[in-house]
Amino acid sequence: MLTDTSVRTVGARICPLCEATCGLLFELDGRTVTAVKPNPDDVFSAGHSCAKGLGLERLENDPDVIRTPLIRDGDGFREATWDEAFAEIDRRLPPIIAADSNSCAVYSGNPAAHHLDPSFYTLPLIAAIGTRNVYSPASIDTLPKNFANALLYGTGLGMAVPDIDRTSFLLILGSNPLVSNGSTVTAPGIGKRLEALRERGGTLVVVDPARTRTAEVADRHLAIRPGTDAFLLLALVSVIATEGLAAPGRLTEHVDGVDDVLRLTERFTPDAVAQICGIDADVIRQVAREFAAADSAVAHSRMGSCTQEFGSVANWMVEVLNVVTGNLDRPGGAMFPTPPAGGPTTWPANPKAPLVFDRWRSRVRDMPEAMGEIPAVCFSEEILTPGPGQVRGLITISGNLARSLPNSHAVEAALADLEFMVCIDGYLNETTRYADVILPPPPLTTRGHHDLALTHFQVRNVARYSAPLLAPGPGEMPEWQILLRLTAIVRGVPDRPITELDDEVAATATRRAAKLAGREVEDVLRATEGRTGPARLLDLRLRSGPYGDRFGAVPGGLTLELLEHSPNGIDYGPLEPRVPDVLRTPDKRINLVPDALTADLPRLRAALAQPIPDLVLINRRQRRGMNSWLHNALPQPDAGQCALFMNPLDAAGRSLVDGDTVRIASKTSSVVAELHITGEMRQGVVSLPHGWGHHGHGLRTTRSASAPGANVNALVDDIVVEPLTGTPIFNGFPVDVVRAVSVQS
C-alpha cells in the first residue's frame, strides 16, 4: 500500500527489530512517521509490542541518521551523489578483487537478517565477488545451536521451538525472553504466554546466573554458574537414564542412539556436577523427574547457552532431553514450524548434499566454515596477517563490527588497516567511521517486509507481510538496488541497468519455484508478471511454499497479493507434528550420538577437575537495546543502565561500595564502569550490558555518545573459543574487578 504523501494515514507494519516480529500501526503525516502503536488486530501479536518497536518513530526521525551517500575526505566525510559514490567504489574496489577474490570480505549484520532486500540480494553480491571471507553475527550468537541441530536434523535452520502455548513444563536456559522478547523462538507477547502457562497449572523453570525479569516470574530459578549449562543438562539426562524415565514414544522408529546417549551421560550424575554448576544435586534430580513426568514438557536454550565454553554440547543435550522424554514433535513439546515462504525444512532433501559445516577453512587459524561463513573471531587476523588471501577490502551491511565482535581493539585496528571499505549503513558509528564510502539504506516505510528466517521459529504457523507505505523519496535508493549496483561493479559492468540484473536473479528463482510447484516456467512467469525486486522474489517463494497456490494450480492458496490484502496476517493454526518429513539428514533419521559432539565429552570430563574461577563475567540484555545500533534513537533511561552488576558479598570482599567507579580487567583488555551492587547476581558473577562503548573520534551519534558506557566486548578473547564452532566465549570468562584510580588522584 503506497500512501498519498499529502494526507495523514495509518498503515500496518511488522516490527523488524527482533525475533518477536510484533504487528504495529504506523501513523504518517505526509512522509513523516508521527506515531507507532501496537496493532490490536495482528493475528500473531494481538496488540503487543515492546519499547523498541514503539520507538521506531524515533528511529525513522532520528536527525543523526545518514540520508545521503558519504565519501571520505581526509579525516572526515563529504556528501556525494549516488553516482559519485558508486564511481568511487568502481575505481577502488575491483582492483582489490582482481588480485584475489578472497581479499574482499563481506560482513552482514543483524539488521540485514531482518529485511527482505539483503536476504535476497546479498548472496548474488557474494557470488559475484567469489569470496570465502563472509562473516555475520551467527558465529557470535547461535552457531552452536545451528551446529547441533544440523547434526541431528540435517539443517541449521531446522530448529524445533517450544510449543509454549500448549506446554505443561517449560525449561529455559541462557535466555531472558521478558527482556529480549525471545530468540530462536518467535513468540510475540511472550510475557502473556508465560502467564498463560502458569494460569493453566504449568511450570516454568529458568536457568540463569542472574535473577532476570524472566527468572523473577519462574516457579523455580536455578542460579547456575556461567558456562556450565552442558553439565546441568548432562546431569538431567543422567537422571532420566538411571531412573528409567526415558520414553521416546512414537519417535523411537525415527531415532538412533537413544541407549548410547543415555549411557554417555551416566558419569555426569547430579552429584558429579553439583559443585561446578553451583546447583544442589537434589534440585537437579527433582527437575529431571518433573520434566519426565509432565504431560508435555520442553527445554529451550538460547544465546547464553551458545556463547560459552561447551555451547555445542549444551545445545545437543537440550535436543536429547526433549527426544528421550518423547517431547520432540508433539503438542506442548518442541515442534517444527512450517515457514510460509518455504526453506530448508520444506524443500526437497538432497541426500548427497554435504553438511554445511567445515567445507573449507580460514586462511590464518584454519577455523572451520559454518553455513557459508568463516567464524567472526577470524575477522581481525584475516586483515592484519600478511600473505596470499589477506583481506584488503570490506563491504559491511548494517553491522557494527567494532562493538559486536570480540577483542574490539583488534577489530578497530583491522578496520583502520583496510585499503578500502564500503558500508551500507544509516549511522556514522564506531565501525563506519573507518569507511571510505557510506551508502544509506532508505526509510523503513519504503520497504516491504516478510522475515524469511524468523518464520522458521514461529510458535504458530502464520503468514504476514508489510507492504511499503511510501515510495522512495528524492535521493533515496532501495537497498536491493544498492546491492545490485555493487554486484554490477564487482562483475565489471557498472553501467548495466538494474532491471537486467534483477531479471537475472529472478530467472534463477523462477526456475526453482517452478520445480518446487511442479509447474512450467512459463506458468510461473505469467503468474508473477509485473512484479520486480524483492516483491517478485517473495511472491515466488510464497506461491511455491507449503501453503502456496502453485501459481494458479491451487485456488485460494497463498500469494503475495493475498497477503497484501490481509495486512493483519493469515493464521494457519498451531504447530503440527512434522517428523520424519522435516528431517534433512541423509537417511531421514535422527542420530542422537553424532561423532563431532560425542568427541567433545572428554573435554567436559576434564573440566570437572578444574578450579572454579573466583569471578566471571556475563553480559545482559536490556529492554530498549538491540546490540549497539538502537542506543542513539532509544537511549536508556539513565547512565546506570551501563553499570557493572555485582553481588553484595563479592563487593564486600573487595571493599567496594555502590556507585564506585571500577576497572574490569580480562586477559584481553580492561574497561571502566560504575558499580551497582545487587542481589540479582549470584556470588562469583558480574555482568555488563553489551553493545555499548560509544566513544572515540568521528561519531555522528549524538545521544549515545553522550552516555557512551563500557564496551564489554573489549574484554572478550578472540583466541580462546568454543572449539567445535569457533564461537567466542562471551559468558563465563574470568575477570578482576578493582576500584578505579581517579584521574585527579
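Helices and strands here are DSSP runs, numbered from the N terminus, with at least four residues for a helix and at least two for a strand. With that in hand, open the model, which is a predicted one, and follow the stops below.

**Stop 1: strand β3**

Select residues 32–38, which form strand β3, and pick out threonine 34 within that strand. Threonine 34 is partly exposed, with a relative accessible area of 36%. Show its surroundings and, leaving aside neighbours within four places in sequence, you will find threonine 34 in contact with Glu27, Leu28, Asp29 and Glu57. Now draw a distance from threonine 34 to serine 408: the two C-alpha atoms are separated by 37 Å, and the residues lie 374 places apart along the chain.

**Stop 2: the cores**

Next, select Leu171, Leu232, Trp316 and Leu592. These are the residues with the most contacts inside the largest nonpolar core, which has 92 residues. Which helix gives this core its largest share? Colour residues 229–242 to see: that is helix α9, and it supplies eleven residues.

Stay with tryptophan 316 for a moment. Not counting residues up to four places away in sequence, tryptophan 316 touches Ala148, Leu152, Val261, Leu264, Leu592, Val593, Pro594, Leu597, Thr598 and Leu601. Apart from this core lies another, of 59 residues; to find it, select Ile89, Ala467, Met477 and Leu483, which are among its members.

**Stop 3: helix α7**

Select residues 190–199, helix α7, and show the side chains of its buried residues, Ile190, Arg193, Leu194 and Leu197. Why do they sit on the same side of α7? Because they cover an arc of only 100° around the axis. The spacing fits a general rule: an α-helix has 3.6 residues a turn, so residues three or four places apart point the same way.

Turn the view to the face directed away from the buried side, and you meet the exposed residues Lys192 and Glu199. To see what the buried residues of α7 pack against, add β9 (169–173), α6 (177–180), β10 (203–207) and α8 (213–216). Just after the helix, glycine 201 takes a positive phi of about 85°.

**Stop 4: helix α11**

Move to residues 270–277, helix α11, where the buried residues are Pro270, Val273, Ala274, Ile276 and Cys277. They pack against α9, which you coloured earlier, as well as α12 (281–293) and α24 (601–607). Another glycine follows: glycine 278, just after α11, has a positive phi of about 75°.

**Stop 5: backbone exceptions**

Most residues other than glycine have a negative phi, and most peptide bonds are trans. Here are some places to look for something else.

- Select aspartate 329, in the loop between α14 (311–324) and β14 (334–335). Its phi is positive, about 65°, although it is not a glycine. Is aspartate 329 buried or exposed? It is buried, with a relative accessible area of 1%.
- Select asparagine 407, in the loop between α16 (401–404) and α17 (408–417). Asparagine 407 has a positive phi near 55°, and at 14% relative accessibility it counts as buried.
- Select valine 579 and proline 580. The peptide bond from one to the other is cis, with omega near 10°. Proline 580 lies in the loop between β21 (570–574) and β22 (590–591).

While you are in the loop between β21 and β22, pick threonine 585 there as well. Threonine 585 is buried, with a relative accessible area of 9%. Beyond its neighbours within four places in sequence, threonine 585 is in contact with Leu151, Leu152, Tyr153 and Gly154.

**Stop 6: the cavities**

How many cavities of 30 Å³ or more does the structure hold? There are eight. The largest has a volume of about 80 Å³. To see its lining, select Ile14, Thr21, Thr186, His449, His450, Asp451, Leu454, Thr455, Gln458, Val462, Ala463 and Arg464. These divide into four nonpolar, six polar and two charged residues.

The second largest cavity has a volume of about 70 Å³. Select Pro162, Ile164, Leu170, Ile172, Ser175, Pro177, Val185, Ile190 and His300 to show its lining. By class, that lining has seven nonpolar, two polar and no charged residues. One of the lining residues, Ile190, will be familiar from the buried residues of α7.

Terms used
Residues are numbered from 1 along each chain as its sequence is written. Side-chain values use heavy atoms; hydrogens and water are left out. On a 1 Å grid over the protein atoms alone, a cavity is a set of points where a 1.4 Å probe fits but cannot get out, and a pocket is an open set with protein on both sides within 12 Å along at least five of seven lines; lining residues have an atom within 4 Å of a point. Grid points are joined across faces, edges and corners, and a volume is the space filled by probe spheres set on the points. Ala, Val, Leu, Ile, Met, Phe, Trp, Tyr, Cys and Pro count as nonpolar, Asp, Glu, Lys and Arg as charged, and the others, Gly among them, as polar. Buried means under 20% relative accessible area, exposed over 50%, partly exposed in between (1.4 Å probe, protein chains only). The arc is that of the directions from the helix axis to the C-beta atoms. Contact means heavy atoms within 4.5 Å. A nonpolar core is a set of buried Ala, Val, Leu, Ile, Met, Phe, Trp, Tyr and Cys residues joined through side-chain atoms within 4.5 Å.
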